[in-house]
Amino acid sequence: MLYTVKEVSDLSGVTIKTLHHYHKIGLLKPREISEAGYRLYGDRELERLQEILFYRELELPLAQIQSLLEEERNRGEVLTEQQELLRSRKRRLEAILQTLEKSLEGSAAGEVLKGKELFVGFADEAEWREALREQEEHLHQTYGVEVPGAQPIDVSSLNEQAREAMEFTEKLADALRSGVSHREEEVRQNIGRHLDFMKKHGHPASPDDFVAQARFFLSDDFHRTMLEGQQTGLAYYLLAAAEAYAAT
């Protein structure tokens, strides 16, 4: 049985405009196009649309969904993977919901959650593995870096390092927005505290190492985009600040 675009839209809840877009980018092609120019979809196309929607529930970008669906895997493998990803997300959302409910209860009772209690559920192992996988794939594809297999993940430690990194770059971004020179003492102190933190967490870096890292961030599309997305000019400001820090 073949279905028109309107029928597929009615069955799935996906708008006709979206189905046209999926066809245009090659994500979901119709089985055939009739002599009158109508797009017609079969059962396999409906299954593929279902797989697309499962991935969309995981908030994956369309380009990544297309790449995943182009891999030579059968439908059972795709659905099994999606099941695990959705279960992982469900566990995370349930943990976040529990934290929200505790916060509401505490607020009503005049009590305040403290420390780690405030952030239970905001990052689990599966989420970190996905975040690290994207970066590792970029390093491998772009630079040929061989990344070791799955390693144990200390979620608490990674969360702490991520918070510190965000605070560090946000302070730099604030300085840049405020017109503070990259040579100012407050910027130097910020860099010094950041390097001390990294050393305490097993990532010792000399000022020259930090310059090399900042230069890499500026030259690499993946890392430059992240910094520039936080504040325009931040990647360049970071390198200038690192070089000034290392020079004194």
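Which residue just after helix 8 takes a positive phi? It is Gly202, with a phi of about 80 degrees. We will come back to helix 8 shortly, but a few ground rules help before the tour.

This is a predicted model, in which local features need pLDDT of at least 70 and side-chain atom pairs count only at pLDDT 80 or more, while totals for chains, interfaces and linings use all residues. Residues are numbered from 1 along each chain as its sequence is written, and side-chain values use heavy atoms, with hydrogens and water left out.

Let us start with the overall layout. The protein has 11 helices and three strands, where helices (H or I, at least four residues) and strands (E, at least two) are DSSP runs numbered from the N terminus. Along the sequence the pattern reads β-α-α-β-β-α-α-α-α-α-α-α-α-α. Of the 248 residues, 31% are buried; buried means under 20% relative accessible area, exposed means over 50%, and partly exposed lies in between, with a 1.4 Å probe and protein chains only. The protein exposes about 16,000 Å², and carbon and sulfur atoms supply 53% of that area. Such areas come from the Shrake-Rupley method with a 1.4 Å probe, and for residues only the protein chains shown count as cover. Contacts, meaning heavy atoms within 4.5 Å, tell us about the chain's path: among those between residues at least 6 apart in sequence, 60% join residues at least 24 apart.

Now look at the sheet. Its three strands are arranged in the order 1-3-2, forming an open sheet with antiparallel pairing. Strand 1 (3–4) and strand 2 (32–33) are the edge strands, each pairing on one side only. Two strands pair if DSSP finds at least two bridges between them, and two bridges join strand 1 to strand 3 (residues 39–41). In general, strands of a sheet pair through backbone hydrogen bonds, either parallel or antiparallel. Here, Thr4 stands opposite Leu40 in strand 3. Leu40 also gives us a link to helix 1 (residues 5–12), where Glu7 lies: the C-alpha atoms of Glu7 and Leu40 are 9.5 Å apart, although 33 residues separate them in sequence. Glu7 itself is partly exposed, at 35% relative accessibility.

Charged side chains come next. The whole structure holds 13 salt bridges, each defined as a side-chain nitrogen of Lys or Arg within 4 Å of a carboxyl oxygen of Asp or Glu. One of them joins Arg75 to Glu47, with the closest N and O atoms 3.8 Å apart. This pair links distant parts of the chain, since Arg75 sits in helix 5 (residues 75–108) and Glu47 in helix 3 (residues 43–57), 28 residues apart. Both partners are partly exposed, Arg75 with a relative accessible area of 24% and Glu47 at 30%. The two also belong to a salt-bridge network that links Arg44, Glu47, Glu51 and Arg75.

Another salt bridge brings together Glu81 and Arg73, at 3.4 Å from N to O. Glu81 is partly exposed at 28%, and Arg73 is partly exposed at 25%. A further one, between Asp174 and Arg177, has an N to O distance of 2.4 Å. Why are Asp174 and Arg177 separated by about one helical turn? Because they are three residues apart in helix 7 (residues 155–177). An α-helix has 3.6 residues a turn, so residues three or four places apart point the same way. Asp174 is partly exposed at 36%, and Arg177 is partly exposed at 42%.

Helix 8 (residues 185–200) is our next stop. Its 16 residues reach 23 Å from the first C-alpha to the last, close to the 22 Å expected at 1.5 Å a residue; the expected span is 1.5 Å times one less than the number of residues. Buried residues in this helix are Val187, Asn190, Ile191, Gly192, His194, Leu195 and Phe197.

Further along the chain are aromatic rings. Rings of Phe, Tyr and Trp (its six-membered ring) pair if their centres lie within 6.5 Å; planes under 30 degrees apart count as stacked, over 60 as edge-to-face and the rest as tilted. The count by this rule is two aromatic pairs. The rings of Phe216 and Phe217 have centres 6.3 Å apart and planes at 50 degrees, so this pair is tilted. Phe216 is partly exposed, with a relative accessible area of 27%.

Finally, Thr232 lies in the loop between helix 10 (221–230) and helix 11 (234–247). Thr232 is exposed, at 63% relative accessibility. Its C-alpha is 9.2 Å from that of Leu176, with their positions 56 residues apart in sequence.
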